[in-house]
Amino acid sequence: LARRSRYAWVFGGINAANGALNDLWMLDLQTGAWTERNADGAYPAARRGASFVVLSQKSAYLFGGESASMVRRQDMFLLHLGSGSSTVPRWEAVVYGDLLTVPPARTEHTATVVPLFEQAGAPLGMIIFGGMDGDSRPLADLHEFDFNTWTWRELSPTGTPPTKRKGHAACLLLNSLLAVFGGANQEVPCLQCTRSLAGPHPRPD
């Protein structure tokens, strides 16, 4: 789910027959009406558990997820939303600037748009946390994506990190804190705790 001012966007998921989906829907938050949207461009493969975030009201980024056969992914797609409900959206496959820094494939992670304070002007980027990897193991790693260069870097914050988890929630607080809540792993079905990462963001290794 990604929200763009008046509209919220939903991509993919799993249907009642456990089949993966790659349909795109738009919800008008003023009228409550749903509309299936056909998009141009390089369409993402069907998946569930992906993250989907809106950047600057005119574009959205889809990352990761898994197929119906539980094949985890690490690809990314940019959805050009246009300027209104009558504009035809367009998908674009993201070509990473450095393949060596791409996070491992995962599903049920979180992605949060954040300011990159270590860069001049603090442009917007994205942080992903946790999820489940290709061997169905929960994760607790933290990665930052630069929307301008399409490059990744792994972050190593100080302090006590959150427990490895999938299916959690995360949000940005006060423009500089990332709060993580809930989720699950094989040892603890439901985790109820909140961790935050103070900005500016920690330096990578």
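F147 is a buried residue, with a relative accessible area of 7%. The model in which this residue sits is predicted, and F147 is a useful place to enter it.

The ring of F147 forms an aromatic pair with the ring of Y61. A pair of aromatic rings is described by two values, the distance of the centres and the angle of the planes. For Y61 and F147 the centres are 4.6 Å apart and the planes stand at 35 degrees, a tilted arrangement. Y61 belongs to strand β7, whereas F147 lies in the loop between β12 (138–146) and β13 (151–155), so the pair ties together parts that are 86 residues apart in sequence. Y61 is buried too, at a relative accessible area of 5%. The two residues also belong to a wider group: ring pairs link Y61, F63, Y96, F145, F147 and W152 into a cluster.

A search of the whole structure finds eleven aromatic pairs. Another of them joins F77 and W91; their ring centres are 6.4 Å apart and their planes are at 90 degrees, so this pair is edge-to-face. F77 is in strand β8 and W91 in strand β9, 14 residues apart along the chain. F77 counts as buried because its relative accessibility is 9%, and W91 counts as buried because its value is 2%.

The strands just named lead to a sheet. Strands β5, β9, β8, β7 and β6 form an open sheet in that order, with mixed pairing. At its edges are β5 (40–41) and β6 (51–55), each of which pairs on one side only. Further in, β7 (residues 59–63) and β8 (residues 76–80) pair in the antiparallel sense over five bridges. In this pairing, S59 stands opposite H80 of β8.

What links the loops around these strands? One answer is a set of salt bridges that share partners and join R48, E66, R72 and E108 into one network. Within this network, R48 meets E66, with N and O 2.1 Å apart. R48 is in the loop between β5 and β6, while E66 is in the loop between β7 and β8, 18 residues apart. R48 also forms a salt bridge with E108, where the closest N and O atoms are 3.5 Å apart. E108 lies in the loop between β9 (90–93) and β10 (110–115), so its pair with R48 ties together parts that are 60 residues apart in sequence. The burial of the partners can be compared with the cut-off: buried means under 20% relative accessible area. R48 is partly exposed at 25%, and E66 is buried at 3%.

Elsewhere, R6 forms a salt bridge with D28, and their closest N and O atoms are 2.8 Å apart. R6 is in the loop between β1 (2–4) and β2 (7–14), and D28 is in strand β3 (residues 20–28), so the bridge ties together parts that are 22 residues apart in sequence. R6 is partly exposed, with a relative accessible area of 31%, but D28 counts as buried at 9%. In the whole structure, a search finds eleven salt bridges.

The protein as a whole has zero helices and 16 strands. Of its 205 residues, 43% count as buried. Among contacts between residues at least 6 apart in sequence, 49% join residues at least 24 apart. The protein exposes about 10300 Å², and carbon and sulfur atoms supply 53% of this area.

Technical notes:
Residues numbered from 1 in each chain as written. Predicted model: local features only at pLDDT ≥ 70, side-chain atom pairs only at ≥ 80, totals over all residues. Heavy atoms only, no water. Pairing = 2+ DSSP bridges. Helix = DSSP H or I, 4+ residues; strand = E, 2+ residues; numbered from the N terminus. Salt bridge = Lys/Arg side-chain N within 4 Å of Asp/Glu carboxyl O. Buried < 20%, exposed > 50% of the residue type's maximum accessible area, 1.4 Å probe, protein only. Contact = heavy atoms within 4.5 Å. Areas by Shrake-Rupley, 256 points an atom, 1.4 Å probe, with all protein chains shown as cover. Phe/Tyr/Trp six-rings, centres within 6.5 Å; stacked < 30°, edge-to-face > 60°.
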